[in-house]
Amino acid sequence: MLLLHGMYSACNKLDFVIIYITIYFTDAKTGQYRFSACLMIFIDIARDRKDTDMDFDIDLWIKKYMTKLQKLFGLRLRFAGLQGSYGRGEATASSDIDVVVILDKADTADLSAYSTMLDTLPCRENICGFISGYKELISWESSDLFQFYYDTLPLLGSLDFLLPFIKKEDVYRAVSIGACNIYHTCGHNMVHEKDFEILKGLYKSAAFTVQAIYWCRTGEYIKKKSELIEMVGQPEKDILLSGMILKSQPDLNRDDFELLSGRLFNWASEVIVEYRAGAL
């Protein structure tokens, strides 16, 4: 006997559709046997349609941004890049424009000048990101540099100078630290705040931790969640899917909050034990 149990989710106002199916088999010879598999159909509607809901062209915006940035800092500009959903090719109309700037050195006058320059660009309210001096970056906590390196799309220059500072044990530590932070904050939120927005943020953080887990197991970094979700094991698949559902459905109730919080809390607990203190 074959039993299909399905769950359908329309996410991001039909930016994509997920069909999630668990399959159960009964073996007549050996008795009841459960085989749980995830058959996922992920249809990215936004990718195949014209971006009519966005009021600007990101490529044109980047050209304007880079022209002004290079004029402002000249040869002091060591690197510029794009992070977040635009860097992954998963942006929607409400996405932040997450830009990275690395200078030979950065002082408060540079921060002020950079902020003033950004004020002249379209969609100023959506612009965010990171600006740093070169020496500060190469001295940064190595477990943070892993995600920073792989999640940044270069616009000018390269971040390859960071690779000697990123070891395998640093990535394991990134998983451990990420899981500990999720576990602590999720437990606090379940007991005290009971806030859906905090939970959404935790699932977003969990997606980065899943990326690091997959890298630890395979040596491959997958940026897009739509691709990552097809490659990871069932526990991580459930976490990524739950995060997508939570992001797309604002009308979830208290029972949903308890279910999704408990799922994340228990997953983080298992990850903490497996990756304790960055152990290889």
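**Figure 1. Arg 173 and its partner Glu 141, a salt bridge in a predicted model.** Arg 173 is partly exposed here, at a relative accessible area of 27%, and the model it sits in is a predicted one. Its side chain meets that of Glu 141 in a salt bridge, 2.7 Å from N to O. The two residues come from distant parts of the chain, 32 residues apart: Arg 173 belongs to helix α6 (residues 168–193), while Glu 141 sits in the loop between α4 (134–138) and α5 (142–150). Glu 141 is partly exposed too, with 36% relative accessibility. As a rule, side chains of opposite charge can pair when their charged atoms come close.

**Figure 2. Glu 274 and Arg 217, a salt bridge between two helices.** Here the closest N and O atoms are 3.9 Å apart. Glu 274 is in helix α10 (residues 254–274) and Arg 217 in helix α7 (residues 196–218), so this salt bridge ties together parts of the chain that are 57 residues apart in sequence. How accessible is Glu 274? It comes out at 46%, which counts as partly exposed. Arg 217 is also partly exposed, at 46% relative accessibility.

**Figure 3. Arg 88 with Glu 90, and a charged network elsewhere.** Zoom in on Arg 88 and you find a salt bridge to Glu 90, with 3.1 Å between the closest N and O atoms. Is Arg 88 buried or exposed? Buried, at a relative accessible area of 13%. Glu 90, on the other hand, is partly exposed, at 25%. The network is made of Arg 76, Asp 104 and Asp 110, joined by salt bridges that share partners. Across the whole structure there are 9 salt bridges.

**Figure 4. Helix α1 against helix α3.** A pair of packed helices is described by the angle between their axes and the distance between those axes. For α1 (residues 58–73) and α3 (residues 108–118), the axes come within 11 Å and cross at roughly 150 degrees. That crossing angle makes α1 roughly antiparallel to α3. The crossing itself is right-handed. Which residues of α1 take part in the contact? They are Tyr 65, Lys 68, Leu 69, Leu 72 and Phe 73, and on the α3 side they meet Asp 110, Ala 113, Tyr 114, Met 117 and Leu 118. Sorted by type, the contact has 8 nonpolar residues, 2 charged ones and no polar ones. Asp 110 shows up in this contact and also in the salt-bridge network with Arg 76 and Asp 104.

**Figure 5. Cys 123 and Lys 194, two residues with positive phi.** Most residues other than glycine have a negative phi. Cys 123 isn't a glycine, yet its phi is positive, at about 60 degrees. You'll find Cys 123 in the loop between α3 and β7 (127–133). At 14% relative accessibility, Cys 123 is buried, since the cut-off for that is under 20%. Lys 194 isn't a glycine either, and its phi is about 55 degrees, again positive. Its place is the loop between α6 and α7. Lys 194 counts as partly exposed, with 36% relative accessibility.

**Figure 6. Asn 189, a buried residue in helix α6.** What is the relative accessible area of Asn 189? Just 2%, so Asn 189 counts as buried. Leaving aside residues up to four places away in sequence, Asn 189 touches Lys 194, Asp 195, Ile 198, Leu 199 and Phe 257. One of these neighbours, Lys 194, is the residue from the α6–α7 loop shown in the previous figure.

**Figure 7. Leu 137 in helix α4 and the residues around it.** Leu 137 is buried, with a relative accessible area of 1%. Which residues does it touch, not counting those up to four places away in sequence? They are Ile 102, Phe 130, Ser 132, Leu 145, Phe 148, Leu 159, Phe 161 and Leu 162. Look for Leu 103 as well: it is 34 residues away along the chain, and its C-alpha atom is 9.9 Å from that of Leu 137.

**Figure 8. Stepping back to the whole chain.** The chain has 10 helices and 8 strands. Of its 280 residues, 43% count as buried. Among contacts with a separation of 6 or more, 66% are between residues 24 or more positions apart.

Note on methods. Residues are numbered from 1 along each chain as its sequence is written. This is a predicted model: local features need pLDDT of at least 70, side-chain atom pairs count only at pLDDT 80 or more; totals for chains, interfaces and linings use all residues. Side-chain values use heavy atoms; hydrogens and water are left out. A salt bridge is a side-chain nitrogen of Lys or Arg within 4 Å of a carboxyl oxygen of Asp or Glu. Buried means under 20% relative accessible area, exposed over 50%, partly exposed in between (1.4 Å probe, protein chains only). Helices (H or I, at least four residues) and strands (E, at least two) are DSSP runs, numbered from the N terminus. Axes are lines fitted to C-alpha atoms, for helices over the stretch in contact, and angles run from 0 to 180 degrees between N-to-C directions. Angles under 35 degrees count as roughly parallel, over 145 as roughly antiparallel, 65 to 115 as roughly perpendicular and the rest as oblique. A crossing is left-handed if the near helix is turned anticlockwise from the far one by less than a right angle, and right-handed if clockwise. Contact means heavy atoms within 4.5 Å. Ala, Val, Leu, Ile, Met, Phe, Trp, Tyr, Cys and Pro count as nonpolar, Asp, Glu, Lys and Arg as charged, and the others, Gly among them, as polar.
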